[in-house]
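Welcome, and please open the model in your viewer. We will go from one selection to the next, and at each stop you will hear what is there.

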Amino acid sequence: IFLNATQITNKLRSIAQDISQISPSTFRSAINSINNSYQFDVIWDSGASVCISPSKEDFLDYDTNVDIKNVAGVNGKSTSIIGQGTVGWSIFDVNGKLRHFELKAYHIPSSKARLISTSALLDKYKDESISISDTCLRLSGNQDHNLQPVIAYYNPITRLPTSTAYLTQATKLTKKALCNTV
């Protein structure tokens, strides 16, 4: 059997995709070798009404015309919003496969954290639910759409449910980096 260059490239991409899905540690190493700012913590915030990111790089689309000018933080202090759009964050599910989330979010460069508003998440992913226990927050997943649960354990310092996330668009770069390794 002879393969042409396109078939070989497609096969290597498929192998890289498989490696990134079955080996989270290999994925993490590959993404950090590209740029470690592509990996970050996100806080699952049941008290937040909107998702927030301090990094413009998180946005898949972006608009400086915002529908909300300011947002109040935990301390009640108002912070200016400079942009809005859709963030692309990927988080490992309970089986070690990346789940890609696209959520409306606001760009606040002065924010010290990325926040997933659980209410905004459930508005977008209507077939899922969130449960909270003494140790974690659990997004249910949806078997009909082959979406597995995601668990966010409480950070021992902040006591907030927190996950390691990755820029969704960087996961494509990681597949290329894995492909170059294979």
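Two residues count as being in contact when heavy atoms of theirs lie within 4.5 Å. With that in mind, select S55: leaving out residues up to four places away in sequence, S55 touches H107 and R114. Keep in mind throughout that this is a predicted model.

**The whole chain**

Before going further, zoom out. The secondary structure comes to four helices and twelve strands. The protein has 182 residues, and buried residues make up 40% of them. Among contacts with a separation of 6 or more, 60% are between residues 24 or more positions apart. Now switch on the surface: the protein exposes about 10400 Å², and carbon and sulfur atoms supply 52% of that area.

**Stop 1: S55 and its loop**

Return to S55, which you will find in the loop between β2 (51-53) and β3 (59-63). Is S55 buried or exposed? S55 counts as buried because its relative accessibility is 17%, and the cut-off for buried is under 20%.

**Stop 2: R114 and its partners**

Next, select R114, one of the residues that S55 touches. R114 forms a salt bridge with D58, and the closest N and O atoms are 2.5 Å apart. This pair links distant parts of the chain: R114 is in strand β8 (residues 114-117), while D58 is in the loop between β2 and β3, 56 residues apart. R114 has a relative accessible area of 13%, so it is buried. D58 counts as buried too, because its relative accessibility is 0%.

Stay on R114 and add F40 to the selection. Where does the charged end of R114 sit? It sits over the ring of F40, 3.8 Å from the ring's centre.

**Stop 3: aromatic pairs**

F40 brings us to the rings. How many aromatic pairs does the structure hold? There are five. One of them is F40 with W89, an edge-to-face pair with 6.3 Å centre to centre and 65 degrees between the planes. The pair links distant parts of the chain, with F40 in strand β1 (residues 39-45) and W89 in strand β6 (residues 83-92), 49 residues apart. Both F40 and W89 are buried.

Now select F101 and Y125. Their ring centres are 5.6 Å apart and their planes stand at 85 degrees, so this pair is edge-to-face. Here, too, distant parts of the chain are linked: F101 is in strand β7 (residues 98-107), and Y125 is in the loop between α3 (118-124) and β9 (130-132), 24 residues apart. F101 counts as buried because its relative accessibility is 1%. Y125 is buried as well, with a relative accessible area of 16%. Add W44 to the view, and you have one aromatic cluster formed by W44, F101 and Y125.

**Stop 4: two further salt bridges**

The structure has three salt bridges in total, and you have already met R114 with D58. Select R99 and E128 for another one, in which the closest N and O atoms are 2.6 Å apart. R99 lies in strand β7 and E128 in the loop between α3 and β9, so the pair ties together parts that are 29 residues apart in sequence. R99 and E128 are both buried.

Then select D67 and K104, whose side chains meet in a salt bridge at 2.7 Å, N to O. D67 is in the loop between β3 and β4 and K104 is in strand β7, 37 residues apart, and the pair links distant parts of the chain. D67 is partly exposed, with a relative accessible area of 48%, and K104 is partly exposed at 44%.

**Stop 5: T64**

Select T64, in the loop between β3 and β4 (70-72). T64 counts as exposed because its relative accessibility is 56%. Apart from its neighbours within four places in sequence, T64 is in contact with I82 and G83. Try a distance line from T64 to H107: the two are 43 residues apart in sequence and 9.2 Å apart in space, C-alpha to C-alpha.

**Last stop: cysteines**

Finish by selecting C51 and C136. C51 is buried, with a relative accessible area of 0%, and C136 is buried with 11%. How many disulfides does a search of the whole structure find? The search finds zero.

Conventions: Residues numbered from 1 in each chain as written. Predicted model: local features only at pLDDT ≥ 70, side-chain atom pairs only at ≥ 80, totals over all residues. Heavy atoms only, no water. Helix = DSSP H or I, 4+ residues; strand = E, 2+ residues; numbered from the N terminus. Buried < 20%, exposed > 50% of the residue type's maximum accessible area, 1.4 Å probe, protein only. Phe/Tyr/Trp six-rings, centres within 6.5 Å; stacked < 30°, edge-to-face > 60°. Lys NZ or Arg CZ within 6 Å of the ring centre and 35° of its normal. Areas by Shrake-Rupley, 256 points an atom, 1.4 Å probe, with all protein chains shown as cover. Disulfide = S-S within 2.5 Å. Salt bridge = Lys/Arg side-chain N within 4 Å of Asp/Glu carboxyl O.
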